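The following exercises concern one protein chain and are worked through step by step. Please inspect the sequence and the coordinates before reading the solutions.

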Amino acid sequence: MVEPMQIDKPATRVTRGTKRRSEGQLPEPKRLEPAGGEVLQSTWNTPDEPSTFRKFTSKSSSLPFGQPIAYSSISGPTYVTAQVLTQQVAYALSDKIFSYSPESFDLDIAVKNWAEQGVENSNGYTTEVAPMQTRSGAGSIALGYMFSKDFDLAKRHIPQTLLASSSSLHSLRSALDQLALLYSVANPFVAHVAAVDYAPGPSGGLVTDYATALTVAEELGLGLVASASAYEAQHMSLFSTILASVLPTIHVYDGITVGRDTLRVIDTLSGAALSKSYKDIIKVLSKASKKADAEAKVTKLLEAFNGELGTAYNLFEYTGHEAADHVLVVFGSVEASVAKQVAEKLSGEGKKVGVVNVRVYRPFSEEAFLNTLPASVQKITVLGQVLDETTAADESAHSSLYEDVLAATVFSDKSSVSIVDRKYPRCEAISPDLIASAFSTSSAKEAQAEHIQLINSEDVQQYTFWDIEDSASATAPLAVSKLLSGEPASNLAVNQTHDNFIQGGTVRTDIRSSKKSLEAFYPVEQDDVAYVGEEKLLKEIGVVKNIKDGGKLIVKLPGTKDEDLEKKLSSAVRNDIKFRNIQLFVLDPTLSAAVEKDAKAETLLTELAFLRVARVDILEDGLEKLGEINAGSDLLNEVYADFDKSLRLVEIPESWAEVDVDSTAPELPTTINTSSFTGFEKEDKEAPAFLRDWQSAAKALAFKEAYATKSALRPDLTTKTYEITVQENRRLTPMTYDRNIFHIEFDLGDSGLTYNIGEALGIHAENDVGQVEDFIKWYGLNADDIVELPSREDSSVLDTRTVFQALVQNIDIFGKPPKRFYESLADFASDDKEKKELLALGGSEGANEFKRRSEVDTVTYADILLEFKSAHPDFHDIARLVSPMKRREYSIASSQKVNPTTVALMIVVVSWVDPKGRDRFGQATKYLSELPLGAKVTASVKPSVMKLPTLDTAPLIMAGLGTGLAPFRAFVQYRAMQKAAGIPIGAILLYMGSRHQREEYLYGEEWEAYQDAGVITLLGRAFSRDQPEKIYIQDRMRQSIDDIVQAYIRDEGAFYLCGPTWPVPDVTEVLEEAIAKEGKAKGRKVESAKEIERLKDVGSD
């Protein structure tokens, strides 16, 4: 929190408020009329302004480039997705489509669009699309339709189709079971299933799920066919629909990558061609012997299929060395595609390995499988998916695929072949490295470390866009992809990944371009160019690791100068850029006149910047096409006229080669997890507020029983609060020092507040009274007016406060406003220019300006209300729009067993200077630092997991940086009391770290006194800047490692670390060294990292 001005005013006592029960519930009509008095006039419930509309937007990630595609345009070389091709087959050949598509999966978006347009199918009428809910008994309607008395029997030969995700199969199981029993009198039935489900647990993401389809198909006797890539999705959809004439069939395909990647399929069949092929093959199938079993019919059908389309599909397909001794068996889209490429690469290098892809899993033809295996095979590894990691780790459990392979070989001439079940859970992503590790004879750990590169970076151009969902330029990668797809000699592959758990919604877009068709259903690892639209992503994702040596990086950094880049980019990123000769480009939209004029132009600026860096050869010639894609040629030309001002190549300084040895770069993930297929709505519903007069409050106080009125110290707070008194407030650092660290002690009096060692004190700070009075005066408020707010704990309870009380104790008027405040404030602006600016700041187009205001200017709610004078909401609207003040928690620096009537804290004042030269401070720390003796403070207690060991003789090893020493003061006080009482205590090793001993030797005299008294055994002081070489806390620990071995390991002590998190890896490393040293002394090998985790678990018991 920040404060816009510094005004010295005498402290004013803020009185208690009241809490009462409101009459009835608080619904959400346009005007709420609560009981208890007249409500003053307000405009708080006005309709929202319509959002701005960008014509080129992604309608769905299941559509090519996110755009709808006409049914008639699917023919020959076409940019499509596997989902669109699957839906095209379903629409062309079906009588009716039953869709069980979870929200945002869009498994039926194309067919619904075609049906709305009245497109005719191959049967001469519009296919009916019935969106259904996934619930128990979900398939009953489909069964009811097929077996209804009113069903047109002339349509009995026409397939009925189901579109669903694998997560829906559980609910459809009973219906599918009944259908299988009645199939002799039913329509042909095919289910096109996207193998995708939500995974439970901490990942909370989407997983590729074949395990469910495998189980359902096996137990119900259904056919099961898989597409090995997007290029054959249409063919396998057609084949599965034909197979449905023999038995009910599931066609399964990867629903996360393969199903949604946009790429060019050369031999796409039109709706008419699909109809012809279907009828021709059905005729061949009708000639098959009625006595033939399902396996024979499938074999006959596949022969006819290949003959009709000129393809060479098999039930099982082998790729690899002709004399392979090790064969991998796989099932699934990405599995088959990646395994085939890995086998080709390894066998090309002379390794005797191969892959069998199971195309038709049910019925499983054992004879066809055995004939597919090379005669030389000695070992078969089955890559079989199981439900979860627990099943994968269970040695007694096996994958379904393994059991079928084992059954096929056990009584054959391959019975001596070794069969290995390499299980993998649904949450494990398939990559080239994982496939290669399945072939490896090395240990699992060594095998995973081996890296295999399938794509030749000389033949394929690879680009990645990283951005957040709300970015003004979020659609830029799809627009660029659409432009690049116009190159006739290139084949483009585009993949988008959404992770809603990073930065409130992050999107990764991979674009690959090649003269040959591409099969690469895994993230780009060797970017030619990477674009980052939000620099914070560089702190959470290892973006630079994915850029090839000599590649290019574009980072959007609004208002950032070259000399400020080190503040924006971590040392690890700077080192990578320097050492690997990566060119860095900075895109600064604030320098574009067009963007300043129209914030929506930022997406055009991003597209132009990318093309200038990645494809300057098509930039000028592609302007017209780019303008058509964005539906804004005039604006594009305006952006292009001066966009060179916004894009600059950074000259990398030599200082970026300096490695910061004092810090350890965190291991960042190189990609994101798919948690959704789209962003999520970020709407917060807020409770209404009511402004009343004093008579209303008087009624509630006079008739307490009628109004259920209760008085409370802080009725707005849900935690138990206490009123305590300042009895000491002294600065610990010199007045001339730039950091104000102070010790503050409170008298508990008769408050009833109790606390335990290691707990934290929650301070409910108050806004500066002088600033509040100035705001009230400037804004034209009456300090004594009554405001009632529904409690944030229970909306049927109203908290009653005066305007003055609310601004001092409740409303964070001097805090930092979020985006939604600007958008909400726009509703009250009477000036059109201010209204437009507020809407821009609250939307994606004003992201750069909002970021500058928030992070550089550190503006407050009060600043915004002062700036936009025409936006003047009433106070009850301010109470609704402005966030409530939050408590601040500080580790307690005292033991109540030693000091029963007091509680102490050690705090550093948070301060900075804004661009206008104003001194700014953290609201709570400044409030506390200025409290005079005798001042009353509202406080609460927060429990902590940091506790003393059960045994008093257990050693304590404590490492504290700066104010992180606070809880250790309480620990030492308590142990000193025990020692004085004659109770044996364990050793205490206290390590402390700060910059300078003279200025920051916090509680130094106390520590030395405790050491002299024999309470503290070892005092390790690290003052990093008091000598030429920097000495940190971990250095002092390493110097006394023998003492740590004795106290921590041999005497089973407890270790504590408090303060900033940056030294955690270094401190942990010292503890691992201590464990390893003790293990070596005892002649045994110890995995230090695992031992640390074991000790953590023991400590938490």
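## Exercise 1: a salt bridge between two helices

Glu1078 is buried, with a relative accessible area of 4% (buried means under 20% relative accessible area, exposed over 50%, partly exposed in between, with a 1.4 Å probe and protein chains only). The model is a predicted one, in which local features need pLDDT of at least 70, side-chain atom pairs count only at pLDDT 80 or more, and totals for chains, interfaces and linings use all residues. Residues are numbered from 1 along each chain as its sequence is written, and side-chain values use heavy atoms, with hydrogens and water left out.

Task: identify the residue with which Glu1078 forms a salt bridge, and place both residues in the chain.

Solution. Step 1: the partner is Arg1050, with the closest N and O atoms 3.0 Å apart (a salt bridge is a side-chain nitrogen of Lys or Arg within 4 Å of a carboxyl oxygen of Asp or Glu). Step 2: the pair links distant parts of the chain, since Arg1050 belongs to helix H36 (residues 1041–1050) and Glu1078 to helix H37 (residues 1064–1081), 28 residues apart (helices, H or I with at least four residues, and strands, E with at least two, are DSSP runs numbered from the N terminus). Step 3: Arg1050 is partly exposed, because its relative accessibility is 46%.

## Exercise 2: further salt bridges

Task: state how many salt bridges the rule yields, and classify the partners in the pairs Lys926 with Glu930 and Glu1000 with Arg995.

Solution. Step 1: the count comes to 52 salt bridges. Step 2: Lys926 and Glu930 meet at 2.5 Å, N to O; Lys926 is buried at 9%, whereas Glu930 is partly exposed at 47%. Step 3: Glu1000 and Arg995 meet at 3.4 Å, N to O; Glu1000 is buried at 2%, and Arg995 is partly exposed at 22%.

## Exercise 3: surroundings of two buried residues

Task: locate Glu534 and Asn575, and list their contacts beyond neighbours within four places in sequence.

Solution. Step 1: Glu534 lies in the loop between strand S21 (527–532) and strand S22 (547–556). Its relative accessible area is 11%, so Glu534 is buried. Step 2: Glu534 is in contact with Trp466, Asp467, Ile468 and Lys851, sequence neighbours within four places being left aside (contact means heavy atoms within 4.5 Å). The C-alpha atoms of Glu534 and Ile468 are separated by 6.8 Å, although the two residues are 66 residues apart along the chain. Step 3: Asn575 is found in helix H17 (residues 571–579) and is likewise buried, at 11%. With the neighbours within four places again set aside, Asn575 is in contact with Trp656, Ala657, Glu658 and Val659.

## Exercise 4: backbone geometry

Task: determine which two residues a cis peptide bond joins, and describe the phi values of Asp106 and Asn581.

Solution. Step 1: recall that most residues other than glycine have a negative phi, and most peptide bonds are trans. Step 2: a cis peptide bond, with omega about 0 degrees, joins Arg362 and Pro363; Pro363 is in the loop between strand S15 (360–362) and helix H10 (366–372). Step 3: Asp106 has a positive phi of about 55 degrees and sits in the loop between strand S3 (96–100) and helix H2 (109–116). Step 4: the phi of Asn581 is also positive, near 55 degrees; Asn581 is in the loop between H17 and strand S23 (583–587) and counts as exposed at 57%.
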